[in-house]
Amino acid sequence: MDSPAFSAAPVPARRFARQALDAVLFSSVWLAGAAAVQTAASFRRWPAIDGGVNGRVVALVFAATLLVYNLDAVLPFKHRQPAAGSGRKAWQQRHRRTLAVLAGAAALAAGYFFLADGWWHFLPALLPLTGLALLYSWPLVRWQGRRRAVREVPLLKGFLIAGVWSAITVGLPALALHRPLAEALGLLAQRFLLVLALTIVFDIRDLSRDRAAGTRTFPLVLGVAGAKAAALAFLAAAMTLGYERGVPPLGLGLTALAAAAVILLAEERRSDYFFALLADGVLLVPAVLYLAGR
């Protein structure tokens, strides 16, 4: 029989591992990593021009994503909302100052790359994306008697997230290489459709909250089953575009299986790890496989 000291020893290690996982997932480091890896994969669209991945652009996207999502997490009105059983929201409320510091550090890093690498030359193209990303959750527009955020426009939330995400992870590499975005329209559309399909998974997670706020998302308009059908249709369109672009079948198949499984299994009652680890993790699959040449 194990001694009490021996049997209890793994408990602190498991607790530390759980705390570390929470920190990586709920501080959006995992999601920012997905954006960075997708950006790195986009550089492979023009391998003969640059010959490699521009690490400074990848770092800029990582820092900017971390900034946007953590600014959103520390919004004052969000911390007046009850956690309602969400471990993610409870964690963010307990670590609000840490998230604010992380957002500040990300802002300094993003600002450095922006200024040092001359991104201000592209300011007219970047300002609309930056504005949409930063003002996504801020209730600035008065409509029907109260102030509302951009995300509250019926069915717009998913399209907005997918548009900004794909424009940044595909558009910034194109700008850095001084290539017209038209050369990457197929990749842009494929990534847009994949991200759009996955945003519906998060709409299912937020079903009760969006219903209470009056935000008409796909699950509220079509029902959960209808929303899943729409997500699968967007996923199928993304995979079709990938096939037409000549993406290796292994990469397409693994991406399709991972995304379809997440969509079909999505339920509001699922744990935060299902959404933060698995659903967000699907974004890494095609990019990692593409970088690996699969």
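Me: Which residue forms a salt bridge with arginine 205, the closest N and O atoms being 2.9 Å apart?
Reply: In this predicted model, the bridge of arginine 205 has its closest N and O atoms 2.9 Å apart. Arginine 205 is buried, and its partner is buried as well. That partner is aspartate 206.

Me: With which arginine does aspartate 206 form a salt bridge at 3.4 Å, and is that arginine buried or partly exposed?
Reply: Aspartate 206 is itself buried, with a relative accessible area of 8%. The closest N and O atoms of this bridge lie 3.4 Å apart, and the partner is arginine 209. Buried means under 20% relative accessible area, and arginine 209 has 30%, so arginine 209 counts as partly exposed.

Me: How many residues apart in sequence are the parts that lysine 157 and aspartate 210 tie together?
Reply: The side chains of lysine 157 and aspartate 210 meet in a salt bridge, at 3.2 Å from N to O. Lysine 157 belongs to helix H9 and aspartate 210 to helix H11 (residues 207–213), so the parts that the pair ties together are apart in sequence by 53 residues.

Me: Are lysine 157 and aspartate 210 buried or exposed?
Reply: The cut-off for a buried residue is a relative accessible area under 20%. Lysine 157 has 6% relative accessibility and therefore counts as buried. Aspartate 210, with a relative accessible area of 1%, is likewise buried.

Me: Which residue is linked with Lys157 and Asp210 in a network of salt bridges?
Reply: A search of the whole structure finds seven salt bridges. Lys157 and Asp210 belong to a network of such bridges, and the residue linked with them is Asp203.

Me: Which helices each supply at least two residues of the nonpolar patch?
Reply: The nonpolar surface patch, of about 360 Å², is made by Leu155, Leu156, Phe159, Val221 and Leu222. Leucine 222 lies in helix H12 and counts as partly exposed because its relative accessibility is 45%. The helices that each supply at least two residues are H9 (156–176) and H12 (218–244).

Me: What distance separates the end C-alpha atoms of helix H3, and how many of its residues are buried?
Reply: At 1.5 Å a residue, the 15 residues of helix H3 (residues 29–43) should span 21 Å, and this agrees with the end C-alpha separation of 22 Å. H3 is mostly covered, and its buried residues include Leu31, Gln38 and Phe43. Of the 15 residues in H3, the number buried is 12.

Me: What percentage of the 294 residues in the protein is buried?
Reply: The protein has 15 helices and two strands. It exposes about 14,700 Å², of which carbon and sulfur atoms supply 68%. Of its 294 residues, the buried share is 42%.

Note on methods:
Residues are numbered from 1 along each chain as its sequence is written. This is a predicted model: local features need pLDDT of at least 70, side-chain atom pairs count only at pLDDT 80 or more; totals for chains, interfaces and linings use all residues. Side-chain values use heavy atoms; hydrogens and water are left out. Patches are made of residues with over 30% relative accessible area and no salt bridge: like charges are joined within 9 Å, nonpolar side chains (Val, Leu, Ile, Met, Phe, Trp, Tyr) within 5 Å. Accessible areas come from the Shrake-Rupley method with a 1.4 Å probe; for residues, only the protein chains shown count as cover. A salt bridge is a side-chain nitrogen of Lys or Arg within 4 Å of a carboxyl oxygen of Asp or Glu. Helices (H or I, at least four residues) and strands (E, at least two) are DSSP runs, numbered from the N terminus. Buried means under 20% relative accessible area, exposed over 50%, partly exposed in between (1.4 Å probe, protein chains only). The expected span of a helix is 1.5 Å times one less than its number of residues.
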